[in-house]
Amino acid sequence: MAVLVKKLLRPRLGSVDLGRRVARREGSLGIDPGAAVRVRFAPSPTGFLHLGGLRTALYNYIFAKKHKGSFILRLEDTDQSRLVPGAAENIEDMLEWAGIPPDESPRRGGPVGPYQQSQRLELYAQATETLLKSGAAYPCFCSPQRLELLKKEALRNHQTPRYDNRCRSLSQAQVAQRLASVPRPAIRFRLQEVAPAFRDLVYGWNQHEVANIEGDPVILKSDGFPTYHLACVVDDHHMGISHVLRGSEWLVSTSKHLLLYQALGWQPPHFAHLPLLLNRDGSKLSKRQGDIFLEHFAAAGFLPETLLDIVTNCGSGFAENQMGRTLPELIAQFDLTRITCHSALLDLEKLPEFNRLHLCQLVNSEIKRRQLVEKLQALVKEAFGSQLQDRTVLDPAYVERIILLRQGHICRLQDLVSPVYSYLWTRPAVGRAQLGADSEKVDVIAERVLGLLEKAGSSLTQDVLNAELKKLSEGLEGVKYSNVMKLLRVALSGQLQGPPVAEMMVSLGPKEVRERILKVLSS
């Protein structure tokens, strides 16, 4: 009774309390009331988009959409020597294919463009000039040969390679003298002894004394292009980025970036570093694995919904892992505070099962099902081409019937144009000798099936057919039901294995079944 009284007296969570709870949660995420949430996905177009990049982009996208913010695509193409032709276009193409298009991008434009770093060089030059004037940066005249020797010497002594800050202490006179022979030196940032601590939204409080580990980093190369450290800080500031969600490999560089923000007098964004996406065996995903690129999965018939589901299912950020989540469900269920520091292990062997679930979801949507019909029509034309003597197999009603009957049994739409399903699109060449029964029994079975078709008319259903086919084999001396089914399967498809005979007959329809049986009888 006392417990019941306590429950009755317990204050209910009203809208005010709920609002406070939401406000506390958003405050813990660094979301200021009234401030716009702006996140960015900033890949380098040195390769096509792969699963690791998709996962980073997806987390940014769903975080933005959950908080009514903007998702920005920025291409970090400052390393001109490593650019891959077509990679920039591929990245944006694949984001659109995956259903997570950016709100602002090189293709779409936006208020803070350009969205390619190679077109923003003036901004980096201005920031560098500010740092030079304040003494936070200095010109470096060291040759590539000297830097390479430093690196080799450190490795020989089993030390971490680092710049020895040789040019940091040059006098103004020495700088002026060297500028006469090296008019465009690299520019290095002067690291401070004490780096600021920061609270990462995933890894908690961090502080990396970068000055004790590495030398002063180059921020502007002699060719006028910035390095990542300067470019990401300048761009995130000018693009109004509120939250940086990026891979955990950049966690140790964040103190360096915060020193740059400090030197430039800018307010830094909030940082959330995402744990790595690894192979099931714990090895790192590599671009050398040809099968991790999104183009590979798209060409193989895997759905974009499947990839979004599996790369979030294997990680964290949700109350529980479940298969079959759609993008709206991912957005609704995502919670950045639930992302753990543990690496996500990707098991691609589960991909077919994920795809089967999402394919069923699409089939159950009338609009999506029409799109699947069009895709399957195109696949049939591509696979069979001139073999399609009867163009009625491309009739939308027929194609839709095939999809509906086979849903749950196939993992990809492409499976329906594999050899085992070729009978759906082309008539097999089958003679009596292939049926495995004497001519007299073939005639009797065929007669009964033709009579069944005439009796049923166009109202063939699997349940009715299953019952009638069992009756059909009764009275056939020396012929088992299983042998009758085998005979009919071969007659209809030319194959020993496949879907149930009743389903095959419903798929093909009474007219086509009749013609195939008559064709066998006349052979």
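The protein chain puts about 26300 Å² on show, with carbon and sulfur atoms supplying 53% of that exposed area. Keep in mind that this is a predicted model. As for the fold's parts list, the protein chain has 21 helices and eleven strands.

**Overall shape and packing**
- The radius of gyration of the protein chain comes out at 33 Å, whereas a compact globule of 523 residues would sit near 24 Å.
- Along the principal axes, the C-alpha atoms take up a box of roughly 110 × 80 × 45 Å.
- Of the 523 residues in the protein chain, 48% are buried.
- Take the contacts between residues at least 6 apart in sequence: 74% of them link residues at least 24 apart.

**Charges**
- The protein chain carries 66 positive and 56 negative charges.
- The mean positions of those two sets of charges lie 4 Å from each other.

**Helix 18 and its neighbours**
- Helix 18 spans residues 462–472, and its buried residues are a trio of leucines: Leu 465, Leu 469 and Leu 472.
- These leucines sit on the same side of helix 18, because they cover an arc of only 55° around the axis.
- What do they pack against? The buried residues of helix 18 meet helix 17 (439–456), helix 19 (481–493) and helix 20 (501–508).

**Helix 4 and its neighbours**
- Helix 4 covers residues 87–97, and the buried residues here are Ala 87, Asn 90, Ile 91, Glu 92, Met 94 and Leu 95.
- Two strands feature among the packing partners of these buried residues, namely strand 1 (38–41) and strand 2 (70–73).
- Helix 3 (51–66) and helix 11 (294–299) also pack against the buried residues of helix 4.
- Right after helix 4 comes Gly 99, which has a positive phi of about 85°.

**Thr 78, a loop residue**
- You'll find Thr 78 in the loop between strand 2 and helix 4.
- Is Thr 78 buried or exposed? With a relative accessible area of 9%, Thr 78 counts as buried, since the cut-off for buried is under 20%.
- Setting aside neighbours within four places in sequence, Thr 78 makes contact with Gln 117, Lys 221, Phe 225 and Pro 226.
- Arg 120 lies 42 residues away from Thr 78 in sequence, yet their C-alpha atoms are 9.8 Å apart in space.

Methods. Residues are numbered from 1 along each chain as its sequence is written. This is a predicted model: local features need pLDDT of at least 70, side-chain atom pairs count only at pLDDT 80 or more; totals for chains, interfaces and linings use all residues. Side-chain values use heavy atoms; hydrogens and water are left out. Helices (H or I, at least four residues) and strands (E, at least two) are DSSP runs, numbered from the N terminus. The radius of gyration is taken over C-alpha atoms; the globule rule is 2.2 Å times the number of residues to the power 0.38. Buried means under 20% relative accessible area, exposed over 50%, partly exposed in between (1.4 Å probe, protein chains only). Contact means heavy atoms within 4.5 Å. Accessible areas come from the Shrake-Rupley method with a 1.4 Å probe; for residues, only the protein chains shown count as cover. Lys and Arg count as positive and Asp and Glu as negative; His and the chain ends are not counted. The place of a charge is taken as NZ of Lys, CZ of Arg, CG of Asp or CD of Glu. The arc is that of the directions from the helix axis to the C-beta atoms.
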